[in-house]
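Please look over the structure below. A short report on its domains, core and ligand shell follows.

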Amino acid sequence: MTGQPPKNKHRGTPGFLIKFFQLALYIPIQVAFIPFAIVGLVDAIFKEMIISRKLGVSFTAIKALQYRWIMHYFDTRPDPISVAFTKKLPCESHFGLWSTFGALIISQRLFGFTTIFGRVAEPGKETPVSTAGRRVLMFDAIVEKYVDEMEQIVIPGAGFDLVALHFTKAKNTKVFELDQAETLHVKVQTLKDAAIAHDWITYVPVDYSTESWTEKLLAAGFDKTKKTLFLWQSVSLFLEAGTVKKTLREMAGLGAGGSIIAQDLYSKAFISGETSRIVKRSLRMLDRMGEPWKFGVDMSDDPESAVESFLEDCGLRMTEYFQFGEKLGIEPIYCVVEAERLDRV
Ligand SMILES: C[S@@+](CC[C@H](N)C(=O)[O-])C[C@H]1O[C@@H](n2cnc3c(N)ncnc32)[C@H](O)[C@@H]1O
């Protein structure tokens with residue numbers, strides 16, 4: 001489901017002229033959208049910040065879903081299921097998103113006016129603000145790579161990610177999604193409201209800071225003799241270092257031979273906001289919403305070795321390593337890794 005960036009429809013015309021005309025066409029469209037955007041923004045902020053709190057739903061799970069909505073409408077990753085889901089999610093506003101991004105979406109579609117939302121950074125050229133799109137595509141690729149080989153997929157901290165629905169329908173793979181009770185409750189209800197089939201997925205409510213997720217997973221039917229893909233996408237940064245290590249050691253101990261743990265890790269510099277002012281500003285918002293970033297790996301010196309030894313400390317051997325922004329020579333911000341159990345090598 002990897003989308004392609006829009007093609008340049010204006011070969012031969014100087015770039016600055018094209019940009020000028022695109023901007024001239026975009027501005028009146030954006031102006032026409034302003035009244036809707038005001039109403040829509042109020043609706044979106046109310047739902048994302050007030051209703052989510054009332055329902056006890058993870059704010060960051062909503063934000064992660066929002067990026068998938070954006071990717072769909074800006075043609076970088078088709079995702080009609082996430083759009084249908086967003087329309088019924090009580091703590092997000094489809095209208096709010098459309099009224100905010102509508103002028104840019106229309107302008108991109110009509111005359112190729114492309115902004116950061118319509119581009120996915122080239123592999124290795126991600127910056128702190130363009131990480132989101134590449135991250136989603138990389139995890140899609142990981143699921144696609146393993147879906148036929150693995151007998152089980154476990155997604156701890158699944159939030160509103162619908163990747164399992166995309167890739168495991170009509171397959172023999174057993175899927176378990178874990179998250180906090182309220183977030184999962186809203187997810188399942190929204191799937192029902194949106195008439196999205198999900199009956200082959202087992203939802204396991206758990207707070208792994210305070211409860212044993214392994215006990216809950218086993219009680220839900222997880223089979224330790226089966227080859228398993230664990231998918232831990234953008235969750236570890238919300239946990240204390242001790243919980244991250246404990247959870248990874250438990251994952252290492254759970255799956256049968258050939259199991260894979262795929263996850264992302266953020267650098268200490270990134271989560272402290274040192275690498276980007278935009279990221280720094282969002283830290284205050286995350287604190288206010290009760291989901292501060294807590295865990296990052298010190299990647300300041302030889303990031304690959306730092307990540308490798310962190311994983312070894314958790315009983316894992318790194319098998320794949322992909323560092324975002326590596327080709328730009330910027331301070332390490334983020335990586336996606338795959339690992340297998342150390343003592344099975
Ligand atoms: C940024 S969201 C990522 C969601 C999903 N993996 C994705 O990529 O869309 C982080 C998720 O971790 C979950 N999470 C954070 N702390 C947790 C905990 N202690 N127990 C269970 N889930 C937790 C949140 O509820 C949220 O859904």
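In which strand is the place of Glu340? Glu340 belongs to strand β7, residues 334-341. The model is a predicted one.

**Glu340 and His185**

Glu340 is partly exposed, because 19 other C-beta atoms lie within 10 Å and a buried residue needs 20 or more. Leaving aside neighbours within four places in sequence, Glu340 is in contact with Ser259, Ile260, Leu316, Arg317 and Thr319.

His185 is found in helix α7, residues 181-193. His185 is also partly exposed, with 16 other C-beta atoms within 10 Å.

The table sets out a C-alpha separation for each of these two residues.

| Pair | Separation along the chain | C-alpha separation |
|---|---|---|
| His185 and Lys88 | 97 residues | 14 Å |
| Glu340 and Glu320 | 20 residues | 9.8 Å |

**Two domains**

The protein chain is divided into domain 1 (15-118) and domain 2 (131-344). Their C-alpha centres lie 26 Å apart. Across the boundary, 24 residues of domain 1 are in contact with 22 residues of domain 2.

Which helices supply the side of domain 1 that touches domain 2? Helices α1 (15-55), α2 and α3 (80-88) each supply at least two residues. The largest share, 9 residues, comes from α2. By class, this side of domain 1 has 15 nonpolar, 5 polar and 4 charged residues.

**The nonpolar core**

The largest nonpolar core has 78 residues. Within that core, Leu231 and Ile261 touch the most other members. Helix α2 gives the most to this core, with 7 residues. Domain 1 and domain 2 both give residues to the core, so it lies between them. In soluble globular proteins, nonpolar side chains tend to be buried together.

What does Ile261 touch, not counting residues up to four places away in sequence? The list is Phe230, Trp232, Leu248, Met251, Leu316 and Ala339. Leu316 is thus named for Ile261 and is also one of the contacts of Glu340.

**The ligand shell**

There are 19 residues around the ligand. Ser58, Ala61, Ala64, Gly157 and Gly159 come nearest. By class, the shell has 7 nonpolar, 9 polar and 3 charged residues.

Which helix gives the most to the shell? Helix α2, residues 59-73, does so with 3 residues. The shell draws at least three residues from each of domain 1 and domain 2.

Helix α2 therefore recurs in this report. It gives the most to the ligand shell, it gives the most to the largest nonpolar core, and it holds the largest share of the side of domain 1 that touches domain 2.

**Helix α11**

Helix α11 covers residues 277-288. Is this helix well covered or hardly covered? It is hardly covered: among its 12 residues, the count of buried residues is 1.

The length of α11 can be checked. At 1.5 Å a residue, its 12 residues should span 16 Å, because the expected span uses one less than the number of residues. The end C-alpha atoms are 18 Å apart, which agrees. Just after α11, Gly290 takes a positive phi of about 80 degrees.

Key:
Residues are numbered from 1 along each chain as its sequence is written. This is a predicted model: local features need pLDDT of at least 70, side-chain atom pairs count only at pLDDT 80 or more; totals for chains, interfaces and linings use all residues. A residue is near a molecule or strand if its C-beta atom, placed from the backbone, lies within 6 Å of it. Helices (H or I, at least four residues) and strands (E, at least two) are DSSP runs, numbered from the N terminus. Ala, Val, Leu, Ile, Met, Phe, Trp, Tyr, Cys and Pro count as nonpolar, Asp, Glu, Lys and Arg as charged, and the others, Gly among them, as polar. Domain bounds come from an automatic or database domain assignment. A nonpolar core is a set of buried Ala, Val, Leu, Ile, Met, Phe, Trp, Tyr and Cys residues joined through C-beta atoms within 7 Å. Two residues are in contact if their C-beta atoms, placed from the backbone, lie within 7 Å.
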